[in-house]
Each structure stands twice: as structure tokens, then as C-alpha cells.
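Here is a short tour of a two-chain model, meant to be read with the coordinates open beside it. Take a moment to turn the structure around first.

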Amino acid sequence: MANLTPTTPSTTEILGDPIAPGRKAAGRALIWGATILLGLVILVQALGAAGQGPMHFDNWRPALYAYVLWAIAIGAAQVIIRGEAGQRALFILPAALFTIAVVIFPTFFGLYIAFTEWNLSSFEGRRFNGIDNLVELFHDSFYWKALGNMVFYVAMVLVEYAIAFGLALLLNADIRARKFFRVAFLIPFMLSPVAVSWMVGKSLMEVRFGPLAALAKELGWSQPNFFGSAWAASFSIEALDAWVSIPFIMILLLAGLQAMPKEVQEAARVDGATPWQSFWRITFPLMLPVSATAVILRIIFKLKLADIIINMTYGGPGGATDSVSSYIFRQYRDRSNVGYGTMLAMFYLVLIIIFITLLLNFVSKYMKKVT
Amino acid sequence: MTAVTPNTMAVDTGETAAERNKRILGRVGIYGALIFWAFVSLFPVYWTITTTLKTARDVTQGNIVPWVDFKPAWIGWRSLGLSPDTIDQVSTVRDEFLGRFLNSIIASCGASFLAVLIGSLAAYGLSRFQYKFLWMRNKDISFFFLSQLILPPVVLALPFLVLYKELALLDTRIGIILLYTLTVLPIVIWIMRDQFDTIPVELDEAAQVDGLSVWGVFFRIVLPIALPGMVAAFILSLILCWNEYFFAALLTGTNAKTLPVMVASQTGSQGISWWAMAALATSAIAPLVVIGIVLERYIIKGLTAGAGK
């Protein structure tokens with residue numbers, strides 16, 4: 001971190017703020033001092049945890065404090081050693097050090113856990129077991145089912161997108177009370193998925209007296225049961241999730257529509273194009289970049305889907321509605337299977353990274369071809 | 001999805017009867033669709049609020065309109081200890097509810113504040129200066145921050161469980177704040193970088209010539225201009241943190257449990273008391289519904305920042 005160098009170091013010289021050698025030495029000493037302190041605390045704690053060494057802390061809190069102290073020292077040293085360039089580095093350091101501490105370390109730690117046999121409910125502790133978890137993963141039909149469900153959920157983003165596009169067009173039309181409708185359409189986005197599972201899933205869709213069940217009966221579904229069969233349950237979960245997140249896509253598309261030059265559409269209308277034609281030939285192509293952003297963002301959020309499933313069906317019936325996240329949640333909650341659950345999560349992460357990378361590549365190539 | 005092009009020049013004098021009919025039909029279609037979706041969006045909220053006032057009989061009969069279909073009572077709020085006749089009595093349920101409510105407020109506000117603070121600083125740096133760390137340039141550093149967005153919570157959940165146990169941060173507010181900060185930080189950086197990019201660099205340069213330091217420029221000149229963007233980022237973070245369930249369910253217990261966990265844990269135990277659940281759900285969504293109505297402008301600003309590119 002110490003050489004987070006702005007590539008325009010000359011500014012300091014221009015501003016006539018030369019750094020004295022003594023000051024530089026002091027800064028370096030600060031860095032070394034802080035680093036040694038951090039190392040010492042970790043060493044003492046590690047020895048203490050192993051039952052040796054001079055001291056024993058109750059937990060690793062001191063290491064956390066030492067890290068914070070180290071981070072502050074690094075920041076101060078940047079300014080001391082490099083003057084204004086250091087002040088610039090100071091903008092990005094807090095976020096960078098924070099992210100490294102809370103993402104990089106847990107991820108590597110997770111990678112280690114993933115290759116261990118570790119059940120919190122058994123008395124044996126952690127035990128390294130090589131690729132056993134990975135082998136088990138490949139034979140876990142529930143996991144593959146959950147992955148298949150994710151394909152369904154992600155594919156349904158296109159339906160959400162179509163509905164959201166329709167709503168954005170409605171809001172962009174020449175209408176009265178636009179603000180009221182915009183706020184009304186936005187409300188579902190504000191609601192917690194847990195509350196929604198209760199409000200809509202458990203209450204409105206209640207088999208005996210929920211208004212939605214009554215409506216379904218009117219429409220000819222003799223015994224509506226929204227979470228009974230595998231297909232109905234999947235679609236119900238998807239409907240709940242769509243209800244919450246369609247406003248998100250809608251707002252992005254609406255912003256795109258409003259940024260679009262009005263003259264283009266006027267010109268098409270004068271040329272005698274029907275609304276249908278002008279939509280497909282002008283509006284839709286012009287909206288492609290915004291659409292791509294909205295859909296990709298939505299897919300990224302969709303891949304984290306868990307709350308509604310955990311609260312509505314807990315994966316049932318028979319794992320038919322499980323998302324990967326909810327399945328891993330169950331692995332942990334019901335079986336305390338930490339090692340295996342982490343392996344499932346890590347494998348999922350790899351799949352996501354591959355999928356998102358491919359998706360981004362595909363979209364950018366497609367965009368180049370179209371525009 | 002068709003026929004929604006604004007027909008601004010409708011009062012054309014040369015309009016035939018057929019064209020006029022078509023136009024009116026279009027209008028009816030648009031408003032019909034608008035009202036239909038407004039109903040879809042708002043009915044569940046209405047249903048939840050009215051259910052707090054229903055007795056068991058009214059619930060099982062699926063009554064919908066208060067005063068017409070059923071006689072409203074404070075039944076749901078009484079069970080939470082928040083109805084007019086119980087508000088001044090001692091209520092353990094209310095104490096628990098208020099505790100969870102406070103936890104939610106502290107966790108979501110704390111995390112949003114922290115994320116906006118360090119996120120804005122990083123975004124400003126990335127927008128104005130050229131960094132180089134090892135092989136990483138600005139583009140790579142930005143990507144590093146944004147890529148955290150695709151990290152699913154399950155990947156971090158179990159390592160964090162172990163880590164927090166070792167750090168004695170399990171079931172503490174500060175622990176949940178740190179975790180939430182992490183989840184919203186990429187979004188904040190995305191929004192704020194877009195905000196800072198729209199502020200002309202000449203402004204910074206002029207202020208620097210006037211003798212302000214780098215940080216002086218940021219706090220005295222740029223920050224006031226970027227404030228609406230920061231509010232937008234803050235509110236968006238607030239929504240995401242307030243509604244977060246996954247980490248809260250795994251990492252909090254008796255002390256730091258947040259409202260969504262409380263809502264989720266109510267279901268299933270000895271039959272559902274609908275009115276109580278409805279009251280709890282109503283109070284869980286009420287703050288955000290109010291924010292949504294009052295600060296809708298900022299939410300839209302936050303959502304659309306950066307997405308246009």
C-alpha cells in the first residue's frame with residue numbers, strides 16, 4: 001500500500017513543497033513501527049491461541065485495533081513522506097483498506113474452510129479433507145437443482161424487463177398525475193422482501209381466504225394453491241421477487257426515455273410511422289445501452305436471491321424453489337455444515353464470475369455490432 | 001406496450017372522427033393500464049394496513065373494506081402494545097419491538113453514513129487524480145471496488161461467522177454495520193463517481209490557485225455541490241440496509257437482531273395471528289414508505305446516476 005503513487009508526482013515540485021529527508025525518514029519509521037506492532041499483536045495472539053507465549057487475549061479484538069492503528073499510520077505516513085501526492089492518496093486509502101480487510105481476508109479464509117470437513121454440531125473441530133467437498137458437490141442433486149432454478153429465475157429477468165419497459169413508457173407518456181403514479185409504482189421497491197413474503201405470499205395468497213386465491217377461483221382455478229406444486233411455487237416466488245424489483249428496472253428505463261431527444265420521435269411520426277413501428281425502429285434501439293445496464297444490474301441482484309425463498313417455501317416443495325443462496329443457508333442452518341456450505345458458495349462464486357464475464361463480453365460485442 | 005407515444009398535437013383541426021375515436025381509446029388504454037398497475041403496487045400495502053384492524057373472523061372471511069365489510073378494532077396494534085389503550089402500559093412485546101426497531105435504525109443509518117463517507121472520498125479521488133498501485137490504474141481500482149457488487153452474501157456469510165466469533169463481533173451492532181457498509185460501498189462509489197464527474201475540474205483548479213489544499217478544495221468547494229448526490233446515495237443505502245435479511249439472520253441473535261429478522265421469526269409459531277403480523281409488517285415498512293413518498297426525487301436520482309452510460 002505504501003507505494004500507491006499518483007502518476008503525476010511533479011505537482012509537488014511545481015508547488016514548491018520539497019520534502020526534507022528527515023521528514024521522509026520519520027514517515028518510513030512510522031510505517032515500519034506500525035507494521036511491526038501489527039505483526040507483534042498477531043504473533044502474540046496466535047501463540048496465545050496455541051497455548052504458548054507470554055500473553056493470552058480473550059479474542060482477536062486486539063488484532064483488529066492494531067489493524068485500524070496500522071491503517072491510520074499508513075495514511076499519516078503517506079502525507080509525511082509524499083506531501084501533496086500523499087494527501088491525494090488519502091482519499092482512496094480508507095475505502096481500499098476497508099475493502100481489503102473485509103473482503104480479501106474473508107474470501108481467502110473461506111477458500112481454506114471450503115476444503116475442510118467442519119460441522120459445528122459435531123465435537124471434532126476443523127479437519128482438512130482435500131477435495132472431498134468438491135466430490136460431494138458434484139453428487140449433490142439438490143445443489144444442481146438449485147443451479148437449474150437459478151437459470152429459471154435469471155431468465156425471468158427478461159419478463160420483468162418487458163413489464164418494466166411497458167411501465168416506463170406509460171410514465172413517459174403525456175399523462176396527468178405523473179408524480180402520483182411514479183411514487184405508487186416505486187413503493188414495492190422500498191419494501192423489505194421479508195415483509196413482502198408475509199404481506200403478499202402468506203396473506204394475499206393464503207389458500208382459504210386470501211383475496212388473490214379468491215381471484216384465482218373466479219378466474220377458473222378450482223383449488224388455487226400457489227405454493228403446492230413445483231411449478232406454481234417457482235412462479236409465485238418469481239412473481240413476488242418481480243413485484244419488488246420491477247420498479248428498479250422501470251426507473252432506470254424511465255431515465256433513459258426522458259434523456260432521449262424528442263425530435264427523433266416527432267420526425268418518425270411525421271413520416272407516418274405507427275406507434276408500433278416507431279417503438280421497434282427508434283425507441284427500442286436507442287434504449288439498448290440503458291436496457292443492457294438495467295438488465296445486467298438486475299441479473300447481478302437476482303443471483304443473490306434468497307430472502308423470499310427462505311421465508312416463503314424454505315426451498316420446498318422438494319427443493320423446487322431453492323436458489324443457491326437459500327440452499328446454502330439451509331445447509332448451514334439445519335445441518336451446521338460449515339465446510340461443505342462454504343465449498344458450495346465458493347463454487348457458485350466461480351460460476352457467477354464466469355457467467356458475468358461472458359455476459360459483459362457478449363453485451364459489449366453486441367452493442368458494437370448494433371451501433 | 002403499444003400506443004403510448006405522447007400525442008401532443010391532438011387538437012389538430014383536421015382530425016377525422018375515426019382518428020378522434022382512436023385517440024380517445026388510446027387515452028383510456030393508458031390510464032387503464034396506469035390505474036391497474038398502481039392498484040397492483042398499492043393493494044398489498046393497503047391490505048396489510050387494514051389487516052392490523054381485523055379480528056380473526058374478519059380475516060377468515062377475507063373482508064377488505066373497513067367500516068363497510070367489518071368493524072375496525074385496534075387488535076393488531078394492541079398485540080404490539082402500540083394501540084391507544086395500551087400505549088401507556090408496560091409491554092414486553094413493545095419493548096422488544098422498539099429494541100429491534102432501534103437496532104435497524106442504528107445499523108442502516110450507521111452503515112449508510114460510513115459507506116457514503118469513505119465511498120465519497122474514494123469516488124472523488126478516482127474522479128480527479130491518477131493513481132497507480134502495483135499494476136492497477138484508476139480503471140482497475142474502480143473495477144476492484146465495483147466488482148464487490150457481484151459477490152453473493154453466501155460467500156461471505158460463513159467466513160464472517162467464524163471471523164466475527166474470533167473478533168467477538170458476533171451479534172453486535174458494530175459488526176452488522178461493518179458488513180452492511182461493505183455491501184453498499186460499491187453502489188455508493190458508483191453513484192458518487194458519476195456525481196463528481198459532472199462537476200467541472202476547472203472549479204477545483206481555480207480554488208487550488210486561490211490557495212486551498214486538496215482537502216480544502218474537497219470540503220469547501222466540491223462537497224456542497226455534490227451534497228444532493230450524497231443524499232441520494234445515502235437514501236439508497238438506507239433502503240438496502242433496512243431491508244437486509246440474510247446477514248442479519250445469520251450473524252445476530254438476542255442483542256443486535258434487526259426488524260426483518262423479527263418479522264421473519266414471527267411466522268410459524270402456533271398458528272399465525274394475522275393482525276399482529278400485519279402490525280409488525282406495517283411498522284417495518286412504514287419508515288421506508290414515508291421516505292419513498294417524501295424523498296422520491298432522491299431515490300430516482302440515486303438509481304439513475306451512472307446507469308445512463
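What follows looks at chain A, then chain B, and then at where they meet.

This is a predicted model, in which local features need pLDDT of at least 70 and side-chain atom pairs count only at pLDDT 80 or more, while totals for chains, interfaces and linings use all residues. Residues are numbered from 1 along each chain as its sequence is written, and chains are lettered from A and ligands numbered from 1 in the order in which they are written.

**Chain A**

Chain A holds 16 helices and two strands (DSSP runs numbered from the N terminus, with at least four residues of H or I for a helix and at least two of E for a strand). Its radius of gyration is 28 Å, well over the 21 Å that the globule rule gives for 371 residues, so chain A is more spread out than a compact globule. That radius is taken over C-alpha atoms, and the rule is 2.2 Å times the number of residues to the power 0.38. The C-alpha trace of chain A spans about 80 × 65 × 40 Å along its principal axes.

Of the 371 residues in chain A, 39% count as buried; a residue is buried if 20 or more other C-beta atoms, placed from the backbone, lie within 10 Å of its own, exposed if 12 or fewer, and partly exposed in between. Residues 24 or more positions apart make up 68% of the chain A contacts with a separation of 6 or more, where contact means C-beta atoms, placed from the backbone, within 7 Å.

Chain A is assigned domain 1 (10-114) and domain 2 (137-370), with bounds from an automatic or database domain assignment. The C-alpha centres of these two domains of chain A are 42 Å apart. Four residues of domain 1 of chain A are in contact with five residues of domain 2 of chain A.

**Annotated spans**

The unreviewed UniProt entry for chain A gives "domain: ABC transmembrane type-1" for residues 146-361. For chain B, an unreviewed UniProt entry lists "transmembrane region" spans, including 105-129 and 141-162. UniProt positions are in the numbering used here, feature names are shortened, and annotations may be inferred rather than shown by experiment.

| Span | Helix | Strand | Distance between end C-alpha atoms |
|---|---|---|---|
| 146-361 of chain A | 77% | 0% | 26 Å |
| 105-129 of chain B | 96% | 0% | 35 Å |
| 141-162 of chain B | 77% | 0% | 28 Å |

**Chain B and the contact**

Chain B is divided into domain 1 (1-51), domain 2 (52-87) and domain 3 (92-304). The C-alpha centres of domain 2 and domain 3 of chain B lie 36 Å apart.

Helix H5 (residues 138-147) of chain B is worth a closer look. Its buried residues are Ile141(B), Ser142(B) and Phe145(B). Viewed down the axis of H5(B), these fall within an arc of 100 degrees, so they line one face of the helix; the arc is that of the directions from the helix axis to the C-beta atoms. Lys139(B) and Phe143(B) are exposed on the other side of H5(B). The buried residues of H5(B) pack against several elements, among them helix H3 (61-114) of chain A and helix H4 (92-128) of chain B.

Between the chains, 85 residues from chain B and 89 residues from chain A take part in the contact. On the chain B side, helix H1 (residues 17-51) of chain B gives the largest share, 12 residues. The residues on that side of chain B comprise 62 nonpolar, 20 polar and three charged (Ala, Val, Leu, Ile, Met, Phe, Trp, Tyr, Cys and Pro count as nonpolar, Asp, Glu, Lys and Arg as charged, and the others, Gly among them, as polar).

Technical notes:
Contact = placed C-beta atoms within 7 Å.
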